[in-house]
Amino acid sequence: GKLCDLTGWWENDLGSKMHVLKVDSEGNFSGEYHTAVSSTDKPIQPSPLVGSQHLDKDGQCTFGFTVNWKKFSDSTAVFVGQCFSGDNGNEVLQTSWLLREKVDSLPSDWKATRTGHNTFIRT
Ligand SMILES: CN1C(=O)N(C)[C@H]2CS[C@@H](CCCCC(=O)O)[C@H]21
């Protein structure tokens, strides 16, 4: 199928948007994550993301990326996923993520990592 190029704007089922600026010849990319929701009460700002995708010829590539919420939260998210070409030709990103929040002490470490899964489509 068509090569899955992550470049562009994507939106997930939480209403968050992701902008992938460009993918280089090695599959590395950067961009910004515009989260729709947050567990902090500081004003939300776009956060930088860096990642890497496979450039397989079959198009349905796997990828991973990291989001640093440095502007408003002491947390970091990592995403892994695969790009699928939907039946009507549209692209869908199936992702799983881990969100690691900074906690005050080691005894609280057990509650610091959340996980979930999200689907992104092109906006
Ligand atoms: C909005 N989100 C989203 O689109 N996700 C896929 C999940 C995983 S990253 C998290 C947002 C974290 C915001 C920063 C913070 O509150 O620590 C949540």
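This note goes through a predicted model of a protein with a bound ligand, point by point.

1. Confidence. Since the coordinates come from a predictor, its own scores are a sensible place to begin. The model is a predicted one, with a mean pLDDT of 93 for the protein and with 98% of the residues reaching 70 or more. For the complex, the predictor gives an ipTM of 0.95 together with a pTM of 0.93.

2. The fold. The strands E1-E2-E3-E4-E5-E6-E7-E8 form a closed barrel of eight strands, and their pairing is antiparallel. On average, neighbouring strands of this sheet are turned by 30° against each other, with direction ignored. As one example of the pairing, strand E5, which covers residues 62–68, meets E6 in the antiparallel sense over seven bridges, and in the register of these two strands Thr66 stands opposite Val78 of E6.

3. The disulfide. A search of the whole structure finds one disulfide, and this bond joins Cys4 to Cys83 with an S to S distance of 2.1 Å. The two cysteines belong to distant parts of the chain, 79 residues apart, with Cys4 in the segment before strand E1 (8–12) and Cys83 in strand E6 (residues 75–85). The torsion about the S-S bond of Cys4 and Cys83 is about 100°, and the disulfide is therefore right-handed. Both Cys4 and Cys83 are buried.

4. A further cysteine. A reader may ask why Cys61 has no bond to the sulfur of Cys4. The closest cysteine sulfur to that of Cys61 is the one in Cys4, at 3.8 Å, and this is too far for a bond, because a disulfide requires the two sulfur atoms to be within 2.5 Å. Cys61 has a relative accessible area of 1%, so it is buried.

5. The ligand site. The ligand is surrounded by 16 residues, of which the closest are Ser16, Tyr33, Thr35, Ser73 and Ser75. Three of the serines can be described through their side chains. In Ser16, an N or O atom of the side chain is 2.8 Å from an oxygen atom of the ligand, and for Ser73 the corresponding distance to a ligand oxygen atom is 2.8 Å. In Ser75, a polar side-chain atom lies 2.6 Å from an oxygen atom of the ligand.

6. Asp41 and Ser73. Asp41 is placed in the loop between strand E3 (28–34) and strand E4 (47–53), and because its relative accessibility is 79%, Asp41 counts as exposed. Ser73, already met beside the ligand, is 32 residues from Asp41 in sequence, and their C-alpha atoms are 9.0 Å apart in space.

7. Leu21. Within strand E2 (residues 17–23) one finds Leu21, which counts as partly exposed because its relative accessibility is 48%. The C-alpha atom of Leu21 is separated by 10.0 Å from that of Leu49, a residue 28 positions apart from Leu21 along the chain.

8. Asn118. Is Asn118, a residue of strand E8 (residues 113–122), buried or exposed? With a relative accessibility of 7%, Asn118 counts as buried. The side chain of Asn118 makes a polar contact of 2.4 Å with the side chain of Asp13, and a polar contact of 2.6 Å joins the side chain of Asn118 to that of Trp97.

Terms used:
Residues numbered from 1 in each chain as written. Predicted model: local features only at pLDDT ≥ 70, side-chain atom pairs only at ≥ 80, totals over all residues. Heavy atoms only, no water. pLDDT = per-residue confidence, 0-100. Helix = DSSP H or I, 4+ residues; strand = E, 2+ residues; numbered from the N terminus. Buried < 20%, exposed > 50% of the residue type's maximum accessible area, 1.4 Å probe, protein only. Pairing = 2+ DSSP bridges. Axes fitted to C-alpha atoms, helices over the stretch in contact; angles between N-to-C directions. Near = heavy atom within 4 Å. Polar contact = N/O pair within 3.5 Å; in protein donor to acceptor, adjacent residues only side chain to side chain.
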